[in-house]
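Me: Could you take a close look at one part of this model for me, the central sheet and what packs around it? I'd like one connected walk-through rather than a list.

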Amino acid sequence: MKIFLLGFMGTGKTYWGRLWAAQQNLRFFDLDTEIEKHTGLTIPQIFERHGETFFRELERERLHSFDKEDDFILSAGGGTPCFYNNMQWMNENGLTIYLDTPLAVLKERLLKEKMHRPLIKPLDEQAIEDFIKNSIQKRKEYYNQAHIILPTESISDITFDEIKKKYV
């Protein structure tokens, strides 16, 4: 079983991924953490030193390295599905779940985390809201290709087994 969690930054992919992996006795991976381990650099350092294009190439490389793995849940980066046919690759290689989170929730979470998020670090509150709206609008066509589209406001007390029964 290969499960890829998708969604905008701040949707809770890592939180839910860890929880569901424990429930299913699966390994959990966070793609950004895997990139950091592989390079010895933090995601902000990669962006600052090498730019987004270099980061996206690393992201694709690390994502595709999971073709040799099995029995895991992987939290993909928010932009992962939108580059290098990654969405198609994930759909062909596992179960994809898009965690669809309301704008207001994302804004609240990201305002608290902005210093750790290179794409929004320099933005003020209104600019963050605009960035979220515009980014989700562009990414929605990729996110909506997921096998399961799961509204996050409905998953607070649901187990992964219940998700599989309801959606798969």
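Reply: Here is a walk through the sheet, then the core, then the pocket.

A word on the ground rules: this is a predicted model, where local features need pLDDT of at least 70, side-chain atom pairs count only at pLDDT 80 or more, and totals for chains, interfaces and linings use all residues. Residues are numbered from 1 along each chain as its sequence is written, and side-chain values use heavy atoms, with hydrogens and water left out.

Let's start with the sheet. It is an open one, with 5 strands in the order E2-E3-E1-E4-E5 and parallel pairing. Strands (E, at least two residues) and helices (H or I, at least four) are DSSP runs, numbered from the N terminus, and two strands pair if DSSP finds at least two bridges between them. At the edges sit strand E2 (27-30) and strand E5 (148-151), each pairing on one side only. Neighbouring strands are turned by 20° against each other on average, direction ignored. (Axes here are lines fitted to C-alpha atoms, for helices over the stretch in contact, and angles run from 0 to 180 degrees between N-to-C directions.)

Now zoom in on E3. E2 is joined to E3 by 4 bridges, and E1 is joined to E3 by 4 bridges too. Phe72 of E3 has Lys2 standing opposite, and Arg27 also stands opposite Phe72. Further along, Ser75 in E3 is the bridge partner of Asp30. The side chains of E3 split up: Phe72 and Leu74 point one way, Ile73 and Ser75 the other, and all are buried (under 20% relative accessible area; exposed is over 50%, partly exposed in between, with a 1.4 Å probe and protein chains only).

What does that feed into? Leu74 is among the residues that touch the most other members of the largest nonpolar core, along with Phe4, Phe8 and Met90, out of 30 residues. Such a core is a set of buried Ala, Val, Leu, Ile, Met, Phe, Trp, Tyr and Cys residues joined through side-chain atoms within 4.5 Å. Among the elements that give two or more residues to this core are strand E1 (2-6), strand E3 (72-75) and helix H3 (43-64), and H3 gives the most, with 6 residues. Ile73, by contrast, is in a second, separate core of 16 residues that also includes Leu26, Leu150 and Phe160.

Phe8 deserves a stop of its own. Leaving aside neighbours within four places in sequence, its contacts (heavy atoms within 4.5 Å) include Lys13, Gly78, Leu110, Phe131 and Tyr143. Leu110 lies in helix H5 and counts as buried because its relative accessibility is 0%. The C-alpha atoms of Leu110 and Phe8 are separated by 10 Å, although the two are 102 residues apart along the chain. With the same four-place neighbours set aside, Leu110 also contacts Met9, Gly10, Arg117, Ile120 and Ile132.

Finally, the pocket. Met9 and Arg117 turn up again, since they are among the residues nearest the centre of the largest pocket, together with Lys13, Asp30 and Asp32. Its lining counts 27 residues, and H3 gives the most to it, with 6 residues. A pocket, on a 1 Å grid over the protein atoms alone, is an open set of points where a 1.4 Å probe fits, with protein on both sides within 12 Å along at least five of seven lines; lining residues have an atom within 4 Å of a point.
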